[in-house]
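Please follow the chain below with the model open beside the text. The paragraphs start from one helical position and widen from there to its surroundings.

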Amino acid sequence: PSFERFLLEFVVFGIVEEIGFYYSHRLLHQPRFYARFHKKHHEWTAPIGITSVYCGVPEMIMSNLLPAAMGPLIMQSHLFTAWVWLGLVLFSTTLAHGGYHVPFLFSPEAHDYHHKVFNCWSVPRESSTSSTRLTVPSLTACTRNVTTFPLASSQ
């Protein structure tokens with residue numbers, strides 16, 4: 001694919017994945033589904049990278065695989081584009097569960113807090129993609145979901 005097509009597809013992938021993950025994750029935090037499907041993922045209150053995919057099969061399909069794969073399927077993407085995208089998704093979710101501020105990338109502190117208290121939101125950026133406004137606690141951990149430059153532990 002051309003570079004322009006590659007970039008266009010990544011924009012579409014990002015939008016589709018953000019919406020798909022957000023709503024599937026919100027659903028998994030509903031009492032009816034949490035204990036049955038999502039609680040396993042939240043056994044780790046201080047997550048590490050590999051726990052990003054520590055979940056049952058239904059959650060893996062509904063909240064991890066489908067949101068990431070829908071963009072490439074909708075766009076009928078070239079295999080190379082899909083593989084780069086899926087690699088980026090895995091890298092991103094590993095970082096979100098890793099607990100480290102990587103230079104030029106988002107901070108995982110809000111997500112760490114999400115695992116610590118089992119609340120209904122994942123990271124503050126998600127609250128802006130929905131018509132449902134979420135209240136993010138005014139704690140230091142929740143206000144530091146910003147791009148940072150030092151390489152330091154968030155714990």
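Methionine 75 lies in helix α3, where helices (H or I, at least four residues) and strands (E, at least two) are DSSP runs numbered from the N terminus. The model is a predicted one, in which local features need pLDDT of at least 70 and side-chain atom pairs count only at pLDDT 80 or more, while totals for chains, interfaces and linings use all residues. Residues are numbered from 1 along each chain as its sequence is written, and side-chain values use heavy atoms, with hydrogens and water left out.

With a relative accessible area of 17%, methionine 75 is buried, a class that means under 20% relative accessible area, as against exposed at over 50% and partly exposed in between (1.4 Å probe, protein chains only). Leaving aside neighbours within four places in sequence, methionine 75 is in contact with Arg5, Leu8, Glu9, Val12 and Phe13, contact being defined as heavy atoms within 4.5 Å. For one of these partners, valine 12, the separation from methionine 75 is 63 residues in sequence but 8.1 Å in space, C-alpha to C-alpha.

Helix α3 also holds glycine 71, which is buried at a relative accessible area of 1%. Once neighbours within four places in sequence are set aside, glycine 71 is in contact with Phe13 and Val16; between glycine 71 and phenylalanine 13 there are 4.3 Å from C-alpha to C-alpha, although the two are 58 residues apart in sequence.

Just after methionine 75, the chain enters the loop between α3 (57–75) and α4 (79–98), which is the place of glutamine 76. Glutamine 76 counts as exposed at 71% relative accessibility, and its phi is near 50 degrees, a positive value in a residue other than glycine. As background to that value, most residues other than glycine have a negative phi.

Two of the partners of methionine 75, Arg5 and Glu9, are themselves joined. The side chains of glutamate 9 and arginine 5 meet in a salt bridge with an N to O distance of 2.4 Å, the term standing for a side-chain nitrogen of Lys or Arg within 4 Å of a carboxyl oxygen of Asp or Glu. A search of the whole structure finds one salt bridge. Because glutamate 9 and arginine 5 are four residues apart in helix α1, about one helical turn separates them. Glutamate 9 counts as buried at 3% relative accessibility, whereas arginine 5 counts as partly exposed at 33%.

Phenylalanine 10, also placed in helix α1, is buried with a relative accessible area of 18%. Apart from neighbours within four places in sequence, phenylalanine 10 is in contact with Thr81, Val84, Trp85 and Leu88. Tryptophan 85 is 75 residues from phenylalanine 10 in sequence and 7.2 Å from it in space, C-alpha to C-alpha.

How do α1 and α2 lie, and at what angle do they cross? Their axes come within 6 Å and cross at roughly 95 degrees, where axes are lines fitted to C-alpha atoms, for helices over the stretch in contact, and angles run from 0 to 180 degrees between N-to-C directions. The two helices are therefore roughly perpendicular to each other, since angles under 35 degrees count as roughly parallel, over 145 as roughly antiparallel, 65 to 115 as roughly perpendicular and the rest as oblique. At this crossing His25, Leu27 and Leu28 in α1 meet Phe33, Tyr34, Phe37 and His38 in α2. By class, the contact has five nonpolar, two polar and no charged residues, with Ala, Val, Leu, Ile, Met, Phe, Trp, Tyr, Cys and Pro counted as nonpolar, Asp, Glu, Lys and Arg as charged, and the others, Gly among them, as polar.

Histidine 29 is found in the loop between α1 (3–28) and α2 (31–38), and is buried at a relative accessible area of 11%. A polar contact of 3.1 Å joins its side chain to that of histidine 38; such a contact is a pair of N or O atoms within 3.5 Å, of which, within protein, one must be able to donate a hydrogen and the other to accept it, while residues adjacent in sequence count only if both atoms are side-chain atoms.

Taken along its sequence, the protein follows the pattern α-α-α-α-β-α-α-α-β, with seven helices and two strands. Of its 155 residues, 39% count as buried.
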